[in-house]
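This briefing covers selected helix packing and one sheet in the structure shown below. Please read the points alongside the coordinates.

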Amino acid sequence: MMTARQYEESLRKLNLVVYMFGERISNPVDHPIIRPSMNAVAKTYELAHQPEHEDLMTATSHLTGKKINRFTHIHQSVSDLVKKTKMGRLLGAHTGCCFQRCVGMDALNAISIVSHDIDAKYDTQYKDRFLKYLEYVQENDLTCDGAMTDPKGDRSLPPHKQPDPDMYVHVVKETEEGIVVRGAKAHQTGAVNSHEIIVMPTIAMREQDRDYAVCFALPSDAEGITYIMGRQSCDTRKTEQTRLDTGNPAFGGHEALVIFDDVFVPWDRVFMFREYEFAGVLVEKFAGYHRQSYACKSGVGDVLIGATQTVAEYNGTQGASHVKDKIIEMNHLNETLFCGSLSCAAEGHREPSGTYSVNTLLANVSKQNVTRFPYEIARLAQDVAGGLMVTLPSAADFASSETAHWLEKYYGASADVPTENRRRILRLIENLTLGTAAVGYLTESMHGAGSPQAQRIMIARQVNMQQKQQMAKSLCGIEE
């Protein structure tokens, strides 16, 4: 397994084509806006080497019997699924942001199931290809970006009817050596921090869409791949001389548009090719795993709750009954998020491939809660913090000889609390609820792993309504 330092050095060896603010970034690793997101991924490597976290952060490969980072593991039991949930909360609390490796882990597990199922129907060799690829990922402890979301263009039209066919990733050429693909993947969390890009379909397909029903993996610096970084609220604060105003100076996340401009994929890295009826199956398997993965939001919630309690103490309001009650409510909502992820893991089952999968109904219920509860937790945090969270002058003003003495005087609260400490905790709350971390804690909670309606559709499909009706009719004496 790589160490955090080895991971950083491995990224320096990549030849990525990355753009931000209209310019190519020659050194993404040390760019002040990107660096905090790299630090967050590095934490997944660092904790795997700490004995107190070894049980959660590592696993035994079912391929080689070696100890591996859990982010490269294929779930072999319900216990693995439960540990995945606990690992997500642990890392969310350690980083206060998205740590970016969940999508790749969930893609690997979904493909391990669906490649087996395609082979069973068509006598293809996808599972063997995938297992060789998986062993490569495990042996080298690689970070994988799971790329599912296409730009989609006109959402009322299927892929094959789009005016621009590139709105969904598709095959443009087939050769004896492999395929050539074109298109893009949007909202790609941690893409620039990844060694590999794993591309999956984004929706169920029909026969006319068969050229879009493709799943494959590529090195992240493969020829023809370009990354265009997305903006985040308050992102340029990371470039300021004093980073106190970022709220979370060490850690962060990032998203990018990943463009595939006629990229060649060798056959040994293709895991689905025009088996269109399995595209929707892969989407649903991946979505179930990834909806479980939002246990990380309870870890970030732990940080926000801790910050809220701290700012209440700094402000001298910690004894007020309504403040106490609001913090109790924050904890109630946060633990409910954790319960949802745990429950879908505990009710997991073995697939024909041997991989353990989560309970689909409970995974969707869990994610539906994630689309709501972090927003309420954030609202309560802002309520307790007060307006100073968004009106606090800059760190430069606190450092200025002209204004510092006034700011130290008028922004003091509890006599035993340094004004700087109060500023730091307020900026952290701002970061989590309005700034760069709000991308992961709030908007990603809404739209990541499918927007709210996607979960409601799956809940309707998974619930056994006929059984519920029969139980009710039986109890009140209705005979049919």
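What span should the 15 residues of helix α15 (residues 419–433) have at 1.5 Å a residue? The expected value is 21 Å, and the end C-alpha atoms of α15 are 21 Å apart, which agrees. The model is predicted, and the points below deal with α15, a helix pair and a sheet in turn.

**Helix α15 and its surroundings**
- Because 12 of its 15 residues are buried, α15 is largely enclosed by the rest of the structure; among the buried residues are R422, R423, I425, L426 and E430.
- The buried residues of α15 pack against α8, α11 (373–385), α12 (388–391), α13 (395–399), α14 (404–410) and α16 (437–447).

**The pair α8 and α9**
- The axes of helix α8 (residues 296–315) and helix α9 (residues 321–346) come within 9 Å and cross at roughly 170 degrees, which means that α8 is roughly antiparallel to α9.
- The residues of this contact comprise 8 nonpolar, 6 polar and 3 charged, including L304, I305 and Q309 from α8 and I327, M330 and N334 from α9.

**The sheet and helix α6**
- Four strands form an open sheet in the order β5-β8-β9-β12, with mixed pairing; β5 (144–147) and β12 (270–273) stand at the edges, each with a single partner strand, so one side of each has no neighbour in the sheet.
- From one strand to the next, the twist averages 20 degrees.
- Strand β9 (residues 214–219) pairs with β12 in the antiparallel sense over 3 bridges, and F216 has V270 in β12 as its bridge partner.
- Helix α6 (residues 126–140) lies across β5, β8 (196–199), β9 and β12, and runs at about 145 degrees to β12.

Note on methods
Residues are numbered from 1 along each chain as its sequence is written. This is a predicted model: local features need pLDDT of at least 70, side-chain atom pairs count only at pLDDT 80 or more; totals for chains, interfaces and linings use all residues. Side-chain values use heavy atoms; hydrogens and water are left out. Axes are lines fitted to C-alpha atoms, for helices over the stretch in contact, and angles run from 0 to 180 degrees between N-to-C directions. Helices (H or I, at least four residues) and strands (E, at least two) are DSSP runs, numbered from the N terminus. Angles under 35 degrees count as roughly parallel, over 145 as roughly antiparallel, 65 to 115 as roughly perpendicular and the rest as oblique. Contact means heavy atoms within 4.5 Å. Ala, Val, Leu, Ile, Met, Phe, Trp, Tyr, Cys and Pro count as nonpolar, Asp, Glu, Lys and Arg as charged, and the others, Gly among them, as polar. The expected span of a helix is 1.5 Å times one less than its number of residues. Buried means under 20% relative accessible area, exposed over 50%, partly exposed in between (1.4 Å probe, protein chains only). Two strands pair if DSSP finds at least two bridges between them.
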